[in-house]
Every structure is written in C-alpha cells, then in structure tokens.
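Please open the model in your viewer and keep the selection panel at hand. The tour goes from a strand and its partners to a helix and its surroundings.

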Amino acid sequence: MKSAVIVFPGSNCDRDLAVAFEAATGSKPAMIWHRDTDLPADIDLIGVPGGFSYGDYLRSGAMAARSPVMQAVAQAATRGAFVLGVCNGFQVLTESGLLPGALLRNAGGHFVCRDVPLTVENAQSAFTSRYDAGETIHFPVAHHDGNYFADDATLDRLEGEGRVALRYAENINGSARNIAGILNDGGNVLGMMPHPERVIEPAHGATDGKRLFDGLVEGLMARA
Amino acid sequence: MKARIFVTLKGGVLDPQGKAIHHALEGLGFGGVNDVRAGKLIELDLADDTSDEDIDAMCRKLLANTVIENYRIEKVA
C-alpha cells in the first residue's frame, strides 16, 4: 500500500499525518514537496496536511492549490486514489476545485482551538466506515478560516448525495449547516477542518481519529 | 501598462473583518456607518501587449475565488 503526504512551505501537520498513515498502513508515506510534479506510481492514499501553506497569502490554501504537485493529486483522485485533506488541506482541496464550496473566516472572527464534538453523518464512506451513523466523536480543531460556505443548491446536493461526512454538533465557526467535512462525488476525497491525526493514540488523550485511518486502510485492502 | 484588480466578497458572504472595522469606527464615535465590507486591491504591472483575456484569466484562476468573490478590472494607462 503506497501513501504520500504533500508538504507545502508552511505546512505544519505533515509529520503528524505521516505518523498516522504509517501507524495505519505499516509503512512510511513518501513526503512529497509541493514543487514535485509526480507522485509515486499507483499511489493509494494521499494526505494534504494542515498548516499555513504560503503563509495563507491571498486566501488560505489559494497558492498551494496552484502548486505543481496538486495537478498530480487531482489526476490520482480521478484515478480513484483516496485523498484526505485536513484543515489547511481542506482549504487547499476547495481552492483546487477537488471539493465544492469555500472556507471563510470564522463567523466570530476568532481563531478556534479546542476539542469539538462531531456527528458522523455518513458512515458508508471509506473514511468513516469504522464509525456508526449518528455517532458523536471528538476531534480537535485549530483554525481561523473554517467557516464552510457554498450556495444553497450545492449544499442541498451535498446533503442529498450523502456527501456531508461530518457535522459539528455545535456551531463553532458559522459553517453552513454546521458542515465539518465533505466528500467528493466519487467518495474518495474527504476534506475536513477537524484533525483526526491528533487523536490516534492514548497519549493524545483520545483515539477517535484512529478509526478513520484504520477504516481507510480497510477500504484500500478490500479494493486490492 | 498597469491594471488594478478589485476583489470583493459577494453579497450574502459573511465578512467578519468588515464587521470588526464597523465596530471600530463606531468606537471612534463615527455615527451613520450602515455597513462595512472589506476587500482587496491587487495592482499588476503588465507587459503592454497583455490581452484583456489574459488579465481576466489571472483573476479567474488565482486572484479571486469566484465561489465567494467578485472581481473588477481597472486598466491604468
């Protein structure tokens, strides 16, 4: 099983995501610099990490979304590779058009950094298969621009197609319909603001995130 | 040739920065401010033969996120 984590200048959760990938897959992911134009052949799983790529210049994720490696990520996603974008990674995925909508400044104007309760809306996806639909889980968030926005037609389509994977159980940033994470139409790309890689071992204080990575690996094994 | 690109949030898109500016203006005692919306001004210094289509493409592909923002191009001689 081949995995990779994309590294932009200003990424700061890349190594955490790599640890989570390695724990789940049993092998170290390739760390891919943003200027690279190729990913390892037949890549199965790609992580787009959190952080402040390019210092959040212009818009969060805007510059990273146009970096050379993102074309390779888009091609891999089209081919069916799993892509997980966390926090700044979610912003990069919306800016690059791999996911619909945009992430605006938090409605309250404040950076929000705490554990939040999330409701698993869709437990059918590879990312969420180890959770129960309707289950409440807790992941930490740490973001300033996590206020999910899309027009009503897009929101209705996301809801209708079961593409809202995770919802905040309380309003923390003004996100439309409390959306915390969404899937692409193929179900192989997930963008989410909360950080599953920060709750994968007991030393973190909680392990709710571990099931996301384990479920992904299970999904990949089933496909192989 | 220079071009100025004005990027503004679409109507209906929340602007916490504009709100904070509004509150600050009120704090300074300025009454009568109904609303504040903050945007961006991007100045481009361009080769004289840059086409309008190219400038527009720059806006669409990078300078503005048309999901949430509008842009206006003003060419300066």
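Select residues 45–48 of chain A, which form strand β3 in this predicted model, and look at the two sides in turn: A:Leu45 and A:Gly47 lie on one side, A:Ile46 and A:Val48 on the other, and all four are buried, with both faces of the strand covered. In a regular strand the side chains alternate between the two faces of the sheet.

Next, add the strands that pair with β3(A). Residues 3–7 of chain A make up strand β1, which pairs with β3(A) in the parallel sense over three bridges; here A:Val5 stands opposite A:Gly47. Then select residues 82–86 of chain A, strand β4, which also pairs with β3(A) in the parallel sense, over four bridges, and where A:Leu84 is the bridge partner of A:Gly47.

Now move to helix α5 of chain A, residues 152–160, and pick out A:Thr154, A:Leu155 and A:Leu158, which are buried. If you turn the view to look down the axis of α5(A), these buried residues fall within an arc of 100°, so they line one face of the helix. On the other side of α5(A), select A:Asp152, A:Ala153 and A:Gly160, which are exposed.

What covers the buried residues of this helix? Show β8 (147–149), β9 (164–168) and β10 (179–183) of chain A, which are among the elements that cover the buried residues of α5(A).

Finally, go past the end of the helix to A:Gly162, which follows α5(A) and has a positive phi, near 70°.

Notes: Residues are numbered from 1 along each chain as its sequence is written. Chains are lettered from A and ligands numbered from 1 in the order in which they are written. This is a predicted model: local features need pLDDT of at least 70, side-chain atom pairs count only at pLDDT 80 or more; totals for chains, interfaces and linings use all residues. Side-chain values use heavy atoms; hydrogens and water are left out. Buried means under 20% relative accessible area, exposed over 50%, partly exposed in between (1.4 Å probe, protein chains only). The arc is that of the directions from the helix axis to the C-beta atoms. Contact means heavy atoms within 4.5 Å. Two strands pair if DSSP finds at least two bridges between them.
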